[in-house]
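Subject: The structure I mentioned

Hi,

Here is the structure I said I would pass on. Have a look at it, and then read my notes below.

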There are 2 protein chains.
Amino acid sequence: MDVLRPQVERSLGEFVERKLPAGGDAAFAPLRTAADALLSGGKRLRPAFCYWGWRGAGGTDVPEIFTAAASLELLQASALVHDDVMDKSDLRRGMPAAHRRFESMHEQSRWQGSAQQFGEGAAILLGNLLLIWSGEMWRTSGLPPASLEAAQPVHDHMRTELMCGQYLDLLEQANGENTFESALRVALFKSGKYSVEQPLRLGLVLAGEKRAPWMDELCTGYGTRVGIAFQLRDDILGVFGDPAQTGKPAGDDLREGKRTMLVARTLAAASPGAAQNVRRLLGDPGLDESGVATLRGIIEDTGALRECEDLIGDYMGEALSALDESPVTAEARSALTELAIAATSRKT
Amino acid sequence: MDVLRPQVERSLGEFVERKLPAGGDAAFAPLRTAADALLSGGKRLRPAFCYWGWRGAGGTDVPEIFTAAASLELLQASALVHDDVMDKSDLRRGMPAAHRRFESMHEQSRWQGSAQQFGEGAAILLGNLLLIWSGEMWRTSGLPPASLEAAQPVHDHMRTELMCGQYLDLLEQANGENTFESALRVALFKSGKYSVEQPLRLGLVLAGEKRAPWMDELCTGYGTRVGIAFQLRDDILGVFGDPAQTGKPAGDDLREGKRTMLVARTLAAASPGAAQNVRRLLGDPGLDESGVATLRGIIEDTGALRECEDLIGDYMGEALSALDESPVTAEARSALTELAIAATSRKT
């Protein structure tokens with residue numbers, strides 16, 4: 001991944017500079033600053049899965065694949081900006097969320113009208129720009145037209161799936177069954193698929209002269225499973241993660257009341273009294289440290305935390321077997337093993 | 001236009017049915033209903049400008065051009081949904097705005113959490129789906145790859161321009177100069193260009209074997225001017241329009257405090273006392289009928305209304321001369337004349 005990062009970052013930097021030049025119209029400077037902040041961090045997982053899919057199916061190490069893979073970071077950045085508006089989150093990776101940046105700009109400039117409305121409006125537009133650009137950067141990567149044409153239906157499907165998954169998430173929070181199965185379905189559609197399986201599939205399809213059955217087997221056997229394990233790890237970090245690493249206050253997912261797989265397991269295993277406590281505390285915006293500690297205690301005592309850790313282990317085991325059985329190149333097999341571990345490890 | 005409408009509507013209906021089948025997953029039914037409502041009305045101006053650009057440059061009457069042209073309605077629908085979230089508008093074409101639909105669904109179902117937040121979140125996602133689909137429908141229209149490739153940079157540019165224009169609009173409302181020139185710039189970028197000039201250019205470029213100088217001359221000479229006149233008419237209808245026609249309460253733009261070209265002309269021409277009145281009343285969410293009447297009176301008394309009507313006439317005159325001088329086919333010339341009139345007429 002460390003080989004990939006500088007290439008991905010250079011491609012992103014060049015593309016954004018072309019769209020919104022730093023020395024261009026001053027009116028757009030705040031959009032550029034917010035875009036740069038969103039694109040500056042992260043593990044670059046999605047480009048890495050795409051790149052190693054490409055290499056695994058025999059693609060060579062050409063600059064065009066870095067551009068195509070890097071475009072997935074624009075899609076991710078778009079989803080993050082809109083997510084933070086929808087969740088009314090204040091922080092993203094320890095920095096103010098985009099809508100809060102725009103809101104502060106409005107307040108500090110003492111402009112007319114509602115600063116909050118300005119902030120949210122500007123963030124919606126920034127998210128739209130990033131979404132549009134992700135498609136444009138992908139298409140203009142310079143890869144052969146036949147490769148791009150073969151992968152385009154996957155690309156289109158991935159984006160519709162992501163938006164529909166986020167909509168399912170809203171429904172699940174508002175009126176879901178809150179079972180492990182319903183939380184898993186949301187997690188897969190909203191995040192798992194477009195974080196692992198689809199980027200990998202894009203790389204494989206781009207490189208493959210024709211789509212072979214083993215590609216779909218690898219996407220399901222390895223991609224789907226790593227995606228679920230990735231999301232389970234995210235559920236755990238949202239409750240037990242170190243704020244210095246997650247960039248969010250401790251227990252933030254609890255305060256937001258997210259109906260995760262971890263919460264579903266907890267509710268299923270809790271005594272009636274403990275379950276009542278969970279329902280009472282979960283989603284309380286004023287939840288303090290002692291409330292977070294109570295919830296953490298219940299999640300550990302019910303065995304839900306242990307169960308989710310075990311599930312991560314099981315999914316990883318199955319994923320790595322599927323990877324072993326696939327005919328990807330040795331170099332890609334080793335990189336995809338490392339990537340799966342990095343995506344699901346205890347460190348963010 | 002009446003020839004075009006059924007074709008555009010059939011293409012849209014088929015595309016949306018493919019993406020979100022009416023008999024598909026019940027969870028997505030509200031997205032489908034909201035999309036159908038957004039796509040059910042309107043003058044289909046953008047597809048018409050695109051179609052007549054294509055025919056004007058010698059394109060033949062093939063079904064693929066209807067699909068490509070119809071995709072512009074998806075982009076427009078996306079912009080409307082997000083606009084209504086950003087402006088917190090209640091109505092769109094006399095019906096509840098998309099975010100209000102989702103909000104009502106949440107309230108009536110007595111779901112958990114904030115109904116407003118659910119409504120806005122769902123509408124942001126619906127807008128994203130429509131935005132993604134507009135690009136997909138365009139690319140998969142079936143037009144020759146070389147045509148699509150030639151037009152793609154125009155398509156990409158149009159969408160970035162639209163989002164940047166909407167951002168300029170937010171800035172103008174918050175801290176603009178509120179001069180006629182600044183309002184004109186916003187109107188062009190936010191609406192005029194993607195309503196007239198760019199759809200026309202897309203059609204011309206799709207059809208032209210190579211891009212000829214007369215095409216750009218027509219886009220500027222006719223397209224830009226019709227776009228400005230279209231926006232001036234929109235400014236006037238926002239203040240003086242009949243609610244039965246506009247689908248919005250009378251004087252809604254005044255209540256929202258929109259800094260239009262019409263308002264800029266009024267402020268420039270008003271006496272200090274009248275200008276102070278305008279500034280006090282404009283943007284008052286509780287503005288009643290008598291307040292609307294006062295503002296309308298000032299807009300008429302300053303001569304601003306007359307000036308804007310005259311400007312529409314001037315721009316239309318110049319636009320139709322430019323059209324006369326261009327080598328488009330006779331049939332296209334006649335259709336583009338009718339279209340310019342329809343886009344700028346007193347009836348919505």
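What follows is a walk through the cavities, two helices and a handful of single residues.

Before anything else, please keep in mind that this is a predicted model.

**The cavities**

I started with the empty space inside. Rolling a probe the size of a water molecule over the atoms shows where empty space is left. Counting cavities of 30 Å³ or more gives four.

The largest cavity has a volume of about 130 Å³. Its lining is made up of 17 residues, and those nearest its centre are G135(A), R159(A), G135(B), R139(B) and R159(B). Both chains take part here: the elements that supply two or more lining residues are α6 (115-139) and α7 (145-175) of chain A, along with α6 (115-139) and α7 (145-175) of chain B. The top contributor is α6(B), which gives six residues. Sorted by class, this lining holds six nonpolar, six polar and five charged residues.

The second largest cavity comes in at about 40 Å³. If you want to find it, look for L38(B), L39(B), G41(B), R44(B), E73(B), Q76(B), A77(B), L80(B) and R93(B), which line it. Two elements of chain B, α2 (29-39) and α4 (63-87), each give two or more residues to that lining. Of the elements, α4(B) gives the most, with four residues. By class there are four nonpolar, two polar and three charged residues around this cavity.

**A lining residue with a positive phi**

R93(B), one of the residues lining the second largest cavity, is worth a click for another reason. Its phi is near 50°, a positive value in a residue other than glycine. You will find R93(B) in the loop between β1 (91-92) and β2 (95-96) of chain B. R93(B) is partly exposed, with a relative accessible area of 34%.

Chain A has a positive phi to show you as well: K88(A), which is not a glycine either, has phi near 55°. K88(A) sits in the loop between α4 (63-87) and β1 (91-92) of chain A. At a relative accessible area of 32%, K88(A) is partly exposed.

**Two helices**

Helix α1 of chain B runs over residues 4-19, so to speak a ruler of 16 residues: it reaches 23 Å from first C-alpha to last, close to the 22 Å expected at 1.5 Å a residue. Which of its residues are buried? They are L4(B), V8(B), S11(B), L12(B), F15(B) and V16(B). These buried residues lie on the same side of α1(B), because they cover an arc of only 120° around the axis. Among the elements that cover them are α2, α3 (45-56), α4 and α6 of chain B.

Over in chain A, helix α16 (residues 330-344) has 15 residues and spans 22 Å between its first and last C-alpha, close to the 21 Å expected at 1.5 Å a residue. Its buried residues are A332(A), A335(A), L336(A), L339(A), A340(A), A342(A), A343(A) and T344(A). The cover over these includes α3 (45-56), α8 (180-207), α9 (213-240) and α15 (304-325) of chain A.

**Three more residues to click on**

- S134(A) is part of helix α6 of chain A. Is S134(A) buried or exposed? It counts as buried, at 1% relative accessibility. Apart from neighbours within four places in sequence, S134(A) is in contact with S71(A), L74(A) and L75(A).
- V292(B) belongs to helix α14 (residues 289-301) of chain B. V292(B) is buried too, with a relative accessible area of 4%. Not counting residues up to four places away in sequence, V292(B) touches A250(B), G251(B), L254(B), R255(B) and L287(B). Its C-alpha is 9.4 Å from that of F240(B), a residue 52 places away along the chain.
- A150(B) is in helix α7 of chain B. A150(B) is partly exposed, at 38% relative accessible area. The C-alpha atoms of A150(B) and L202(B) are 9.2 Å apart, with their positions 52 residues apart along the chain.

If you open just one view, try the largest cavity, with lining from α6 and α7 of both chains.

Cheers

Key. Residues numbered from 1 in each chain as written. Chains lettered and ligands numbered in written order. Predicted model: local features only at pLDDT ≥ 70, side-chain atom pairs only at ≥ 80, totals over all residues. Heavy atoms only, no water. 1 Å grid on protein atoms, 1.4 Å probe; cavity = no way out; pocket = protein on both sides within 12 Å on 5 of 7 lines; lining within 4 Å. Points joined across faces, edges and corners; volume = space filled by probe spheres on them. Nonpolar A, V, L, I, M, F, W, Y, C, P; charged D, E, K, R; others polar. Expected span 1.5 Å × (residues − 1). Buried < 20%, exposed > 50% of the residue type's maximum accessible area, 1.4 Å probe, protein only. Arc of directions from axis to C-beta. Contact = heavy atoms within 4.5 Å.
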